[in-house]
Amino acid sequence: MIVFDAVRFSYNSREILKDISFSVGAGERIAFLGGSGEGKTTILKLIMGLIRPDSGRILIDGEDITCKTEAQLRDTRMKFSIVFQEGALFDSLNVKENVAFCLREYTKMPEEQIEEKVKELLRTVDVERAIDLMPEELSGGMHRRVAIARSLAATDPKMFLYDEPTSGLDPVNADNICKLILDLSRNGKGFIIVTHKVFDAVKVADRFMFLYDGRVRLDGNREDLLHATIPEIQIFLSELRYTQEEKNV
Ligand SMILES: Nc1ncnc2c1ncn2[C@@H]1O[C@H](COP(=O)(O)OP(=O)(O)OP(=O)(O)O)[C@@H](O)[C@H]1O
Ligand SMILES: [Mg+2]
C-alpha cells in the first residue's frame with residue numbers, strides 16, 4: 001500500500017532523510033524505531049503528503065503522490081487515520097466538540113446523528129465518561145484516547161498511523177493504548193507506530209524498521225530486531241532487557 005523509493009528530504013538544506021526505501025502492505029503492523037530527531041515524524045508527514053520529498057517517489061496504492069495537487073491529496077489522506085505526536089486536541093473545545101468537529105468536517109452526517117456517533121467513538125476508546133470535559137482536565141492517557149477517537153471520526157481508514165502514542169504515559173496507560181492499537185487493527189487493518197519506546201513496539205508490531213542517520217538500518221521481524229548487532233539498536237534494546245529483568249525479580 002505504501003512504497004518509498006529512494007526518498008530524500010531536507011529541512012532548510014539540512015538533509016534529514018538520505019535514502020529511504022521500503023514497501024508496506026495494508027494489513028501490516030509496523031513499528032518505526034529511532035532516536036529523537038532521526039526523522040520518524042517526517043516519514044509520517046511524507047506518507048500523508050503534508051510535505052514533499054526532494055527526490056524519490058512515494059506511492060500510495062500504486063499512485064505517485066509526490067506530484068499530486070492538494071485537492072488530489074485529500075483522497076489519499078482519507079485512506080489513513082493519523083494520531084499526531086502532540087495529540088492535537090483543540091484546547092477551547094470540550095471532548096464532545098473535539099470529536100464532533102471532525103465528523104462535521106469530514107462527513108455529511110446530520111447533526112442529530114453526530115452526538116450518537118461521538119458517544120460510540122468515545123465508547124470504542126473507553127473514555128465516554130469524559131465527554132463533557134475540557135482537554136486541560138484530561139490525564140495524558142485520556143488525552144491520547146480522545147485523540148484516537150477523533151482520528152477515527154475522520155474516515156474509515158485503511159491504515160492507522162500513530163506518532164509516539166505512548167510517550168509520557170505511565171506503564172499501565174501505555175499498555176492500555178497498546179491494547180487499543182491492537183484492537184483497532186483486529187479486522188485486518190494495519191498500522192505504523194512511530195516510537196522510541198521499544199518495549200511498546202514489540203508488544204504491538206511484528207515488523208520493525210530502525211531509522212538512523214537518514215536511512216533504514218534494519219527492516220525485519222522481532223527476532224531480527226532482538227538479535228541486531230548494530231550498536232545504535234543495541235542501546236535501544238538495553239531498555240527492553242532492563243524492563244524484562246525488572247519484571248523477573
Ligand atoms: N518544520 C521544521 N523545520 C525545520 N526543521 C525541522 C522541522 N520539523 C522537524 N525538523 C527537524 O528535522 C529532524 C527530524 O524531525 P522529526 O520530527 O521527523 O524527528 P523524530 O524522529 O520524529 O523525533 P522525535 O522522536 O523527537 O519526535 C529534526 O532534526 C528536527 O529538528
Ligand atoms: Mg517525532
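# A guided tour, starting from Met159

Begin by selecting Met159, which is buried because 23 other C-beta atoms lie within 10 Å, and a residue counts as buried when that number is 20 or more. Please keep in mind throughout the tour that what you have open is a predicted model. Met159 belongs to strand S7, which covers residues 159-163. If you now show its contacts, leaving aside the neighbours within four places in sequence, you should find Met1, Ala26, Lys79, Phe80, Lys189, Gly190 and Phe191. For a contrast, draw a line from the C-alpha of Met159 to the C-alpha of Asp213: these two residues are 54 apart in sequence, and in space they are 27 Å apart.

**Zooming out**

Next, release the selection and look at the protein as a whole, in which there are nine helices and 10 strands. The C-alpha trace spans about 55 × 55 × 35 Å along its principal axes. The radius of gyration is 18 Å, and this agrees with the value near 18 Å that a compact globule of 249 residues would have. Buried residues, of which Met159 is one, make up 34% of the 249 residues. If you consider the contacts between residues at least 6 apart in sequence, 66% of them join residues that are at least 24 apart.

**Helix H3 and its two partners**

Two packed helices are described by the angle between their axes and the distance between the axes, and you can keep both in mind at the next stops. Select helix H3, residues 95-106, together with H5; the two pack at an angle of about 20 degrees, and their axes are 8 Å apart. H3 and H5 are therefore roughly parallel to each other, since angles under 35 degrees are counted in that way. H3 passes H5 in a right-handed crossing. To see where they touch, show Val95, Asn98, Val99, Cys102, Leu103 and Tyr106 on the H3 side, and Val146, Ala149, Arg150, Ala153 and Ala154 on the H5 side. Sorted by class, the residues of this contact are nine nonpolar, one polar and one charged.

Keep H3 in view and add helix H4, residues 111-124, whose axis lies 9 Å from that of H3, with a packing angle of about 115 degrees. Here, too, H3 passes its partner in a right-handed crossing. The residues to show are Lys96, Val99, Ala100, Leu103 and Arg104 from H3, and Ile114, Lys117, Val118, Leu121 and Leu122 from H4. Which classes of residue make up the contact of H3 with H4? There are seven nonpolar residues, no polar ones and three charged ones.

**From H5 to H6**

Now hide H3 and H4, and select H5, residues 140-154, with helix H6, residues 171-184; their axes come within 9 Å and cross at roughly 15 degrees. H5 and H6 are therefore roughly parallel to each other, and H5 passes H6 in a right-handed crossing. On the H5 side the contact involves Gly140, Gly141, Arg144 and Ile148, which meet Asn173, Asn176, Ile177 and Leu180 in H6. In this contact three residues are nonpolar, four are polar and one is charged.

**Two loops and a strand**

Most residues other than glycine have a negative phi, and most peptide bonds are trans. With that in mind, select Ser13, in the loop between strand S1 (2-11) and strand S2 (14-24). What is the phi of Ser13? Its value is near 65 degrees, which is positive although the residue is not a glycine. Ser13 is exposed, because it has 6 other C-beta atoms within 10 Å.

Move on to Asp61, in the loop between strand S4 (55-60) and strand S5 (63-64). Asp61 is not a glycine either, and it has a positive phi of about 50 degrees. With 13 C-beta neighbours inside 10 Å, Asp61 counts as partly exposed.

For the last stop, select Asp64, which lies in strand S5. Is Asp64 buried or exposed? It counts as exposed, because it has 12 C-beta neighbours inside 10 Å, and 12 or fewer is the limit for that class. Leaving aside its neighbours within four places in sequence, Asp64 is in contact with Arg57, Ile58 and Leu59. Finally, draw a line between the C-alpha atoms of Asp64 and Phe4, which are 60 residues apart in sequence and 9.8 Å apart in space.

Notes. Residues numbered from 1 in each chain as written. Chains lettered and ligands numbered in written order. Predicted model: local features only at pLDDT ≥ 70, side-chain atom pairs only at ≥ 80, totals over all residues. Axes fitted to C-alpha atoms, helices over the stretch in contact; angles between N-to-C directions. Helix = DSSP H or I, 4+ residues; strand = E, 2+ residues; numbered from the N terminus. Parallel < 35°, antiparallel > 145°, perpendicular 65-115°, else oblique. Left-handed = near helix turned anticlockwise from the far one by under 90°. Contact = placed C-beta atoms within 7 Å. Nonpolar A, V, L, I, M, F, W, Y, C, P; charged D, E, K, R; others polar. Rg over C-alpha atoms; globule rule 2.2 N^0.38 Å.
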